[in-house]
Amino acid sequence: MIRVRGPFDVDLTPLPPTSAEGPWEPGRMALAKRYHGALEGTAEGQMLAARTDQPGSAGYVAIERVRGTLDGREGTFLLQH
């Protein structure tokens, strides 16, 4: 398996909620990233996150579309995390 490591900058912008059901409401954020190093490029995406009153109890999912250059190849791909 090939691994690529490198720094990135990220800007998170809160998005309006889609609903207000139940005692909790997931937060939504727009992602804007810039990758540096072996992967040079930019990304746009969204994150959905939620937490409870219990410290350390939280989770998130995100999808981002990355456009850039990696190992001399230029293109676009999706990341899920």
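Good morning. I begin with a side-chain pair: Lys33 and Glu64 are joined by a polar contact of 2.9 Å between their side chains. Please keep in mind throughout that this is a predicted model.

Let me place the two partners. Lys33 belongs to strand β2, which covers residues 27–35, and Glu64 belongs to strand β4. Are these charged side chains buried or exposed, beginning with Lys33? Lys33 has a relative accessible area of 12% and is therefore buried, given that the limit for that class is under 20%. Glu64 is likewise classed as buried, its relative accessibility being 1%.

What else does the side chain of Glu64 reach through polar contacts? One such contact, of 2.7 Å, is with the side chain of Tyr35. Another, of 2.8 Å, is with the side chain of His81. Glu64 thus has polar contacts with the side chains of Lys33, Tyr35 and His81.

The wider surroundings can be described in terms of contacts, setting aside residues up to four places away in sequence. For Glu64, the residues touched are Lys33, Tyr35, Ala43, Glu44, Gly45, Phe77, Leu78, Leu79 and His81. For Lys33, they are Phe8, Asp9, Val10, Gly41, Thr42, Ala43, Glu64 and His81. Ala43 and His81 therefore appear in the surroundings of Glu64 and also in those of Lys33.

I turn now to the strand that carries Glu64. Strand β4 spans residues 58–70 and pairs with β5 in the antiparallel sense, over eight bridges. Within this pairing, Arg67 stands opposite Thr76 of β5. The two strands form a hairpin, with two residues between them.

One of the turn residues deserves a remark on backbone geometry. Asp71, in the loop between β4 and β5, has a phi near 55°, which is a positive value in a residue other than glycine. Asp71 is also exposed, at 72% relative accessibility.

At Ala58, also in strand β4, the setting differs from that of Glu64: Ala58 is exposed, with a relative accessible area of 63%, whereas Glu64 is buried at 1%. Beyond its neighbours within four places in sequence, Ala58 is in contact with Ala50 and Arg51.

How many of the eight residues of strand β5 are buried? The number is zero for this strand, residues 73–80, so β5 lies largely in the open.

The same strand nevertheless has a part in the largest pocket. This pocket has a volume of about 300 Å³. Its lining consists of 14 residues, and those nearest the centre are Val4, Gly6, Tyr35, Leu39 and Leu79. The elements contributing two or more residues to that lining are β2 and β5. Of the elements, β5 gives the most, with three residues. By class, the lining comprises nine nonpolar, three polar and two charged residues.

This brings me back to the opening pair. Tyr35, one of the residues nearest the pocket centre, is the residue whose side chain makes the 2.7 Å polar contact with Glu64. Leu79, also among those nearest the centre, is touched by Glu64 as well. The buried Glu64 is therefore in contact with two of the residues I have just named at the pocket, Tyr35 and Leu79. Thank you for your attention.

Conventions. Residues numbered from 1 in each chain as written. Predicted model: local features only at pLDDT ≥ 70, side-chain atom pairs only at ≥ 80, totals over all residues. Heavy atoms only, no water. Buried < 20%, exposed > 50% of the residue type's maximum accessible area, 1.4 Å probe, protein only. Helix = DSSP H or I, 4+ residues; strand = E, 2+ residues; numbered from the N terminus. Pairing = 2+ DSSP bridges. Polar contact = N/O pair within 3.5 Å; in protein donor to acceptor, adjacent residues only side chain to side chain. Contact = heavy atoms within 4.5 Å. 1 Å grid on protein atoms, 1.4 Å probe; cavity = no way out; pocket = protein on both sides within 12 Å on 5 of 7 lines; lining within 4 Å. Points joined across faces, edges and corners; volume = space filled by probe spheres on them. Nonpolar A, V, L, I, M, F, W, Y, C, P; charged D, E, K, R; others polar.
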